[in-house]
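Got your viewer open? Let's take a walk through this one together, one selection at a time.

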Amino acid sequence: MARPDVTVMGAGVTGLACAVALARRGARVAVADPGGVGAGASGGVVGALAPHAPDRWGPMQAFQLQALTAAPAFWASVAACGGVDPGYAQVGRLMPLADAAAVARARARGAAAADRWGGAGLWRVVPAGDGFAPVSASGLLVHDTLTARIAPRRALAALAAALRALGGTIGPAAPDLPAGAPVLWATGAAGLADLSTALGQPVGGGEKGQAALLACDAGDAPVIGDTGLWIVPHADGTVAVGSTAERTWDSDGPDAGLDALLARAAALVPQLAGARVLERWAGIRPRAATRLPVLGPWPGRPGHVVANGTYKTGFALAPAVAAAMADLILAGRVTYPDAFALAAPGA
Ligand SMILES: Cc1cc2nc3c(=O)[nH]c(=O)nc-3n(C[C@H](O)[C@H](O)[C@H](O)COP(=O)(O)OP(=O)(O)OC[C@H]3O[C@@H](n4cnc5c(N)ncnc54)[C@H](O)[C@@H]3O)c2cc1C
């Protein structure tokens with residue numbers, strides 16, 4: 001490959017999605033990651049792509065809605081370009097409702113969704129039914145039709161294949177660059193720690209999360225969500241269960257916290273009781289101090305741009321982050337919320 005127009009540091013979902021968007025708009029892109037594709041938080045198993053509750057609204061919620069509505073076309077084009085299926089499907093989500101107060105709140109949220117989602121999806125209260133669904137003390141569930149699922153590792157493989165089909169490269173080290181050539185830093189939790197050091201202010205760091213993959217064929221059943229618990233049926237006869245959230249931890253691997261989560265999942269969805277655990281996995285999420293994505297120029301480092309801090313929603317946000325970074329790097333246009341930008345030291 002000739003000298004790249006843009007170098008992307010980090011081959012997680014953020015870096016690869018940005019690389020594909022840049023390449024699709026005509027840039028020559030080289031991705032560098034010493035760990036290889038999916039070495040960080042993106043190498044997991046869950047893949048829920050869900051909207052925020054529609055009654056709490058701000059720049060993050062609007063950006064995420066943009067990402068979710070862009071997702072069907074984004075992932076279809078990635079699949080078509082590289083020939084690898086990312087396992088995306090807009091299957092919706094079911095959530096149990098514990099009592100009358102929760103039902104009333106859910107109905108109010110349905111009205112907010114009708115207002116804010118602009119017809120992209122519904123948030124409605126439905127009777128609990130048979131099949132692969134959560135038990136619900138009230139006998140009622142929330143059904144949102146906007147939520148989708150994706151198979152994280154297949155999504156990474158699909159992005160990598162699409163990038164290569166567009167002439168991009170992925171390797172362990174960055175090529176030599178002339179000063180001023182654009183470099184996009186999508187380096188996850190380590191990158192947020194590096195930024196904190198470089199800028200002398202707490203930009204963010206990591207948060208451990210754990211998940212498991214179970215042998216259970218739920219077909220195209222909806223994603224199931226409850227507080228801190230995601231149950232995500234995938235097309236290959238597996239169901240993912242996630243995710244713990246630990247701000248401090250002794251080991252980077254799965255631990256007893258995951259056992260507790262699996263017990264909760266089996267109590268919520270009886271079909272999961274006794275399902276064989278195929279894999280236990282843990283990763284370190286990129287968590288910004290603001291808990292918002294961190295997008296835009298790296299203050300004091302001309303030509304360097306950051307795409308990070310996607311925290312619990314890197315797969316959900318990828319289509320919008322990728323489009324925003326291509327807008328910024330190739331057209332100089334800021335199409336992400338100001339609240340995501342990095343402040344210069346002392347600003
Ligand atoms: C248990 C768990 C469950 C999750 N579930 C979901 C979910 O259901 N839906 C969802 O949308 N999101 C989910 N997430 C969050 C999602 O995984 C993250 O938001 C996303 O993976 C972040 O992607 P990234 O590319 O920014 O970072 P990472 O995937 O961490 O990638 C960063 C990459 O940068 C590389 N790197 C680091 N330093 C350098 C350097 N100096 N030079 C070059 N490369 C470098 C690393 O090797 C790594 O490959 C979950 C996370 C966890 C842990």
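At what angle do the axes of helix 2 and helix 4 cross? Select residues 59-82 for helix 2 and residues 152-165 for helix 4: their axes cross at roughly 60 degrees and come within 8 Å. Keep in mind as you look that this is a predicted model. With that angle, helix 2 and helix 4 are oblique to each other, and their crossing is left-handed. To see the contact itself, show the side chains of Val78, Ala79, Cys81 and Gly82 on helix 2, then Ala158, Leu159, Ala161, Ala162, Arg164 and Ala165 on helix 4. Colour them by class and you get eight nonpolar, one polar and one charged residues.

**Next stop: a second helix pair**

Now pick helix 1 (13-24) and helix 7 (314-331). The axes of helix 1 and helix 7 come within 8 Å and cross at roughly 45 degrees, which makes helix 1 oblique to helix 7. The crossing of this pair is right-handed. On the helix 1 side, select Val13, Thr14, Ala17, Cys18, Val20, Ala21 and Leu22. Their partners in helix 7 include Gly314, Phe315, Ala318, Met325 and Leu330. By class, the contact of helix 1 with helix 7 has 16 nonpolar, two polar and no charged residues.

**On to the ligand**

Which residues come nearest to the ligand? Of the 43 residues around the ligand, those are Gly12, Gly40, Gly188, Gly209 and Gly314. Gly314 may ring a bell, as it is also one of the helix 7 residues that meet helix 1. Helix 1 and helix 7 each supply at least two residues of the shell around the ligand, and so do strand 3 (48-49), helix 5 (188-199), strand 10 (204-215) and strand 14 (277-288). Helix 5 gives the most, with four residues. Colour the whole shell by class and you will find 19 nonpolar, 21 polar and three charged residues.

**The eight-stranded sheet**

Switch to a cartoon view for this one. Here is an open sheet of eight strands with mixed pairing, in the order 5-6-4-11-12-13-10-14. Strand 5 (123-127) and strand 14 are the edge strands, each pairing on one side only. Going by the average, neighbouring strands of this sheet are turned by 25 degrees against each other, direction ignored.

Zoom in on strand 11 (residues 223-226) and strand 12 (residues 229-233): they run antiparallel and are joined by three bridges. Here glycine 225 stands opposite tryptophan 230 in strand 12.

Then add helix 6 (residues 256-268), which runs at about 65 degrees to strand 12. Helix 6 lies across strand 4 (93-96), strand 10, strand 11, strand 12, strand 13 (238-242) and strand 14.

**Last stop: the six-stranded sheet**

How many strands make up the open sheet with the order 8-2-1-9-16-15? Count along and you reach six, again with mixed pairing. The edge strands are strand 8 (169-171) and strand 15 (294-297), each of which pairs on one side only. From one strand to the next, the twist averages 20 degrees.

Finish by selecting strand 1 (residues 6-9) and strand 9 (residues 183-185), which run parallel and are joined by three bridges. Show methionine 9 here, and you will see it stand opposite tryptophan 185 in strand 9.

Technical notes
Residues numbered from 1 in each chain as written. Predicted model: local features only at pLDDT ≥ 70, side-chain atom pairs only at ≥ 80, totals over all residues. Axes fitted to C-alpha atoms, helices over the stretch in contact; angles between N-to-C directions. Parallel < 35°, antiparallel > 145°, perpendicular 65-115°, else oblique. Left-handed = near helix turned anticlockwise from the far one by under 90°. Contact = placed C-beta atoms within 7 Å. Nonpolar A, V, L, I, M, F, W, Y, C, P; charged D, E, K, R; others polar. Near = placed C-beta within 6 Å. Pairing = 2+ DSSP bridges.
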